[in-house]
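Q: Please give me a close look at how the pieces of this model pack and where they meet. I am new to it, so go step by step.

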Amino acid sequence: MLKNWLHRPITRNTAWMLLGYTAKLAFQLPTFVLLAQLLGPEEFGIFSACLALGTLLSPFAELGGYSLLIRDTVAGMPARQALGNSLLTSAIAGPVVLAIMLLLKLILLPQATWTTVGAIGVAQLIASRAWVLVQGINVAYGLLGRNAALEILNGLISLIFVLLLHSIGASAQNWALLFLTNSLLIGFLSQFWAFRTWGLPVASLSGVRKRIALGLQFSVGVAAQSAYTELDKAILARLASAEAAGIYSAPYRLINVAYLPLNALLAAMYPYFFQAGGLGLRHSRALALRILPFTAAYGLVVATALYLISPLLPHFLGESFRQSADALRWIAWIPLLQGLYWPFADALTGAGFQKTRALIQGGALFLNATLNIWWIPGHGWLGAAWAGLVTHVGLLMALGILSRSR
């Protein structure tokens, strides 16, 4: 039965996602280079630290909406009801999480302006959640061409806005406002497209209440996943300097861009993990093993390429980012580790072991935070790189062992 799931729709959906992510890559690379050159390490570090904090908190503004949308539609719930429940949940949680982010600004980001933090907070916790939920419903129905179109549009607008930044004045605050405008545009367009397809969403408070407990499990897992890739930037800005955060964030942005094609495959496969997981963890793990050669091979190729091109980084970003080349050599191997453990993480979720996955990722978050707080004051960005590598190795061991033992 598993063989039947690896058929043409997956190939088509992966191709659509790959098209979207390839176009996104084509736009993001020049956007990233121009943004780093315009802002410089310090302002780029401030923006990256604020963005990292918003990314850390965003799962709690969504409460597992993306995954629960896919789960509910796979189980037969109408699209407008699944989308409506997720939108209502986000509408309740988003403003609360935004207030928490503004409070954390006092502790973690004293050098950032309130406008910068507020703009990024609204973009990440409210506007982007609207887009992410539509992405989930498109994945559930195999309409990944729509997600590709939205990715292309998002990348194009970002590139236009970074060119506009040069005219209005390059600063973290101005870029945060443009970032917010972009997020609002894409969020509105994605929701409008969804409404035209499935009608106005419907929701019930009882449906939302049923989602909260499970949604928190998804939120903890996703937040922890974001934390051990984003937390170090916020800690760097607080315990080292905004410049150190910028030097470290620049190569990390390259890693995120390089990971996009692998995201295409995993996004296309995600609903099938729920189908396989309905038969038990053994089946979802078998699906993970079938795609593991592809994810591992891609991770190895990307890691090697990033390591080899690291000396070129200062030539594109400027001499102020010279240390970013050394940082990239250290963290270049993270895509390989992600390619090895990510299929097993999705296998656990698909089989109904999201709580277990969340506990593993929560442990990784605790380890990462502890190591960052320990190593960053004495070693700066190098301590953050060490903490990230140790955390990803720990995740690989825990997820691989646990998915095998159940």
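A: Start where helix 10 passes helix 14: the crossing is right-handed. Keep in mind that this is a predicted model. Helix 10 covers residues 260-277, and its axis lies 8 Å from the axis of helix 14. The two pack at an angle of about 30°. Angles under 35 degrees count as roughly parallel, so helix 10 is roughly parallel to helix 14.

Stay by helix 14 for a moment. This helix spans residues 334-350, and helix 13 spans 322-331. Tryptophan 333 sits in the loop between them. Trp333 also belongs to a nonpolar surface patch of about 670 Å². Its partners there are Leu300, Tyr307, Leu308, Ile309, Leu312 and Phe316. Which helix gives the most to the nonpolar patch? Helix 11, residues 281-309, does, with four residues.

Now move to helix 5, residues 114-140. Take its packing with helix 4 to begin with. Helix 4 runs over residues 79-108. The angle between helix 4 and helix 5 is about 160°, and the axes are 9 Å apart. Angles over 145 degrees count as roughly antiparallel, so helix 4 is roughly antiparallel to helix 5. Their crossing is right-handed.

Helix 5 also packs with helix 7, residues 172-198. Here the angle is about 25° and the axes are 8 Å apart. Helix 5 and helix 7 are therefore roughly parallel to each other. Helix 5 passes helix 7 in a left-handed crossing. What kinds of residues make up this contact? By class, there are 18 nonpolar and ten polar residues, and no charged ones.

Charge does come in elsewhere on helix 5. How many salt bridges does the structure hold? Five. One salt bridge joins the side chains of glutamate 62 and arginine 129, at 2.7 Å from N to O. Glutamate 62 is in helix 2, residues 8-62, and arginine 129 is in helix 5, so this pair ties together parts that are 67 residues apart in sequence.

To recap helix 5: helix 4 is roughly antiparallel to it, helix 7 is roughly parallel to it, and its arginine 129 forms a salt bridge with glutamate 62.

Technical notes
Residues numbered from 1 in each chain as written. Predicted model: local features only at pLDDT ≥ 70, side-chain atom pairs only at ≥ 80, totals over all residues. Heavy atoms only, no water. Axes fitted to C-alpha atoms, helices over the stretch in contact; angles between N-to-C directions. Parallel < 35°, antiparallel > 145°, perpendicular 65-115°, else oblique. Left-handed = near helix turned anticlockwise from the far one by under 90°. Nonpolar A, V, L, I, M, F, W, Y, C, P; charged D, E, K, R; others polar. Patch = residues over 30% accessible without salt bridge, like charges linked within 9 Å, V, L, I, M, F, W, Y side chains within 5 Å. Areas by Shrake-Rupley, 256 points an atom, 1.4 Å probe, with all protein chains shown as cover. Salt bridge = Lys/Arg side-chain N within 4 Å of Asp/Glu carboxyl O.
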